[in-house]
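Hi,

Here is the structure I said I would pass on. Have a look at it first, and then read my notes underneath.

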Amino acid sequence: MAIFPKAVPVRKSWDTAIIVLLFVVFVLASVTTDNFLTSLNISYIFSNTSEIMIIAFAMLFMIILGEIDLSVASMLALSSCMLGWSYAQGAPIWLAMIVCLAVGSLCGFINGFLVTKLGLGSLAVTIGTLALYRGIANGIIGENTVSEFPEFWTSFGFDTFGTTFMPKTLPMIIVFGIFFAFLLHRTPFGRRTLAIGQSVEAAKFAGINVVRHKMIVFTFTGFMSGVAGMVYTFRFSTSQADNGVGLELLVISAILLGGVSIFGGIGTIWGVVAGVLLAGSVESWLTLQEINAQWRTIVTGILLLISVAGPVLVSKSKQRRERKALKS
Amino acid sequence: MDKSPLIELIGVEKTFGRVQALSNINLKLYEGEIVSLVGDNGAGKTTLTKIISGTESADDGAKIILRGQEQKNWNAAKARKLGIETVHQNRALSEQQSIYANVFMGRELVNRFGFVKRKEQIKETEALMRKIGYTSKVWTPHSPVLKLSGGERQGVAISRAILFDSSLVMLDEPTTAMALSEQAEVMEFILNLKAQGRSVIFISHNPWDAHAVADRFVILDRGRLVFDGPKGNTTADEFISMLRDVAKKGSV
């Protein structure tokens, strides 16, 4: 085997570039900002990106499949509202948490049903459900907020372990990360996700049940949005209808930044982890530099553009080099 | 030849909106024979193979009988499990995935924990590549399919059928846009399938290819089966003249 040259797809070099870029941002931010490399700030970066990371693990599968779910932030809000509402109605916290996860899963299932069974485009469906789920959240909880939750759970959402930089949610995120990494890279389910994303027709000929596969991915994206809704609720000790507004863009930009192809079929968990941490680190750096929110939004937009254009430009330059080498 | 059919289609019809793509198709396929399925564009050849491979469902009332057993809820996974493999030009392989990922697509080898046995898949693919004559050291099981030539791609698709012990292999225009040497390679692969006792449905626009490998001809015209008979002593010229008749009169 060793004598054979191993094919290295261009995306792999993009994954590596993002990890290097993350390192560069860390070094630059540490040099230019006093408080960047402190355990408190690192803990903030992990905390602030926790919901993005949780949703991104599932959304990665969605984008690899060649689909998209723009309703994740609304599913987060609706799950959060159902958690707060059922707890306020007197349900024990464990039951409220189950309701939260069940609502997230149900929303994801509805998205999946509309896309796979009715054959509608995921972009159009999830733009619709983005508004619908947020609207239902508003209807349930209105202008009110629920902010009384058991201290054990709010400290889980906010605290760190002792004086370390590790937020209490971090082990859960690591477990999810390992689970999804194995699911994507080591199981038939993951291999089939990649196969469907690259060619639906080839996957169908290979006997893969594409409809069922997509239904599962839509449903667990809803479930993970529910988990993110739970973490968000406990982190801010607030259940309200506008929780997580705009989070879907941050999730998508972090995923694309992590080398996942918007056209489907290509992506890795480590790329996504690096993409989320890179976006979170840049955000933290800009905040510490006291750069205002508008500029931070502009930077997010630029990152999104780089993440889409970067791999394409790298690929084109590689092709150009190959053509040149062929001519010479 | 065993006279009990491997697969039998009874009353297969398929409509797409107002278009009748297939009309009352009755067809038997026997073990170890090569059937050349021919007809003009829009005759319904691909639709028929899609129905046999389970990627398209027939209209209500059709019967698919495999080894004497009528099949209910026929789908692609079931068809593949029961040994029906389809080889389509450019479509049955995922180009950006590696050769080994394509070979095992949908039928990954897993350990007792449900994880893919990657090394074993690579090893088996390597052995398979040697078996089908991939002597070039440029290609490895990791090579993406898009780097292979048309003939080599078909080799991968056909070898997949061999590896999983398929009893019926359907090849839809497997030699389209190929160089002559590559076409010869594919024809060799097809005869090899027959030598191993497998049945083959071969679809081609090229009447010489269709004639060369066939044991039996099945001709479709605008969704109808207009001829089904053994090759016997029919020469290539006679076969082409039959096709001309069908194109002109709709019958042989």
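Below is what I found, going from the two chains as wholes down to single residues.

One thing to keep in mind from the start: this is a predicted model.

Let's take chain A first. It has 14 helices and zero strands, so if you read along the sequence you simply get α-α-α-α-α-α-α-α-α-α-α-α-α-α. The radius of gyration of chain A is 21 Å, close to the 20 Å that the globule rule gives for 328 residues, so chain A is as compact as a globular protein of that length. Along the principal axes, its C-alpha atoms fill a box of roughly 75 × 55 × 35 Å. Of those 328 residues, 48% count as buried. If you take the contacts in chain A between residues at least 6 apart in sequence, 79% of them join residues at least 24 apart.

Chain B mixes both kinds of element, with eight helices and 10 strands. A compact globule of 252 residues would have a radius of gyration near 18 Å, and chain B agrees with that at 18 Å. The C-alpha trace of chain B spans about 55 × 40 × 40 Å along its principal axes. Buried residues make up 46% of chain B. For contacts in chain B between residues at least 6 apart, the share joining residues at least 24 apart is 69%.

How do the chains meet? In total, 26 residues of chain B are in contact with 23 residues of chain A. On the chain B side, the elements that give two or more residues are helix H2 (76-81) and strand S6 (84-88). H2(B) has the largest share of that side, with three residues. By type, the chain B side divides into 10 nonpolar, 12 polar and four charged residues.

Now the inside. The largest nonpolar core has 154 residues, and those with the most contacts inside it include Ile55(A), Ala56(A), Met59(A), Leu60(A) and, from the other chain, Phe202(B). Helix H3 of chain A (residues 50-64) gives the most to this core, 13 residues. Ala56(A) is a good place to zoom in: leaving out residues up to four places away in sequence, Ala56(A) touches Val251(A), Ala254(A), Ile255(A), Val272(A) and Val276(A). As general background, nonpolar side chains in soluble globular proteins tend to be buried together.

Another helix to look at is H4 of chain A, residues 72-88. Its 17 residues should span 24 Å at 1.5 Å a residue, and the end C-alpha atoms are indeed 24 Å apart. Of these 17 residues, 15 are buried, so H4(A) is largely enclosed by the rest of the structure. Just after H4(A) comes Gly90(A), which takes a positive phi of about 105 degrees.

Back in chain B, there is an open sheet of four strands in the order S2-S1-S4-S5, with antiparallel pairing. S2(B) (19-29) and S5(B) (69-70) stand at the edges with a single partner strand each, so one side of each has no neighbour in the sheet. Strand S1(B) (residues 7-16) is joined to S2(B) by seven bridges, and the two run antiparallel. One of the pairs to find there is Thr15(B) with its bridge partner Gln20(B) in S2(B).

Chain B also has an antiparallel pair in S9(B) (residues 216-221) and S10(B) (residues 224-230), joined by six bridges. Arg216(B) has Pro230(B) as its bridge partner in S10(B). This is a hairpin with two residues between the strands, and Arg222(B) in it takes a positive phi near 45 degrees.

That brings me to backbone angles. Most residues other than glycine have a negative phi. Arg67(B) has a positive phi, near 45 degrees, and lies in the loop between S4(B) (63-66) and S5(B). With 14 C-beta neighbours inside 10 Å, Arg67(B) counts as partly exposed. Glu173(B) likewise has a positive phi near 45 degrees; Glu173(B) lies in the loop between strand S7(B) (168-172) and helix H6(B) (180-195). Is Glu173(B) buried or exposed? Glu173(B) counts as buried, because it has 20 C-beta neighbours inside 10 Å.

Last, a residue on the outside: Lys119(B), in helix H4 of chain B (residues 118-131), counts as exposed with 10 C-beta neighbours inside 10 Å.

Cheers

Key. Residues numbered from 1 in each chain as written. Chains lettered and ligands numbered in written order. Predicted model: local features only at pLDDT ≥ 70, side-chain atom pairs only at ≥ 80, totals over all residues. Rg over C-alpha atoms; globule rule 2.2 N^0.38 Å. Buried ≥ 20, exposed ≤ 12 C-beta atoms within 10 Å, placed from the backbone. Contact = placed C-beta atoms within 7 Å. Core = buried A, V, L, I, M, F, W, Y, C linked by C-beta atoms within 7 Å. Nonpolar A, V, L, I, M, F, W, Y, C, P; charged D, E, K, R; others polar. Pairing = 2+ DSSP bridges. Expected span 1.5 Å × (residues − 1).
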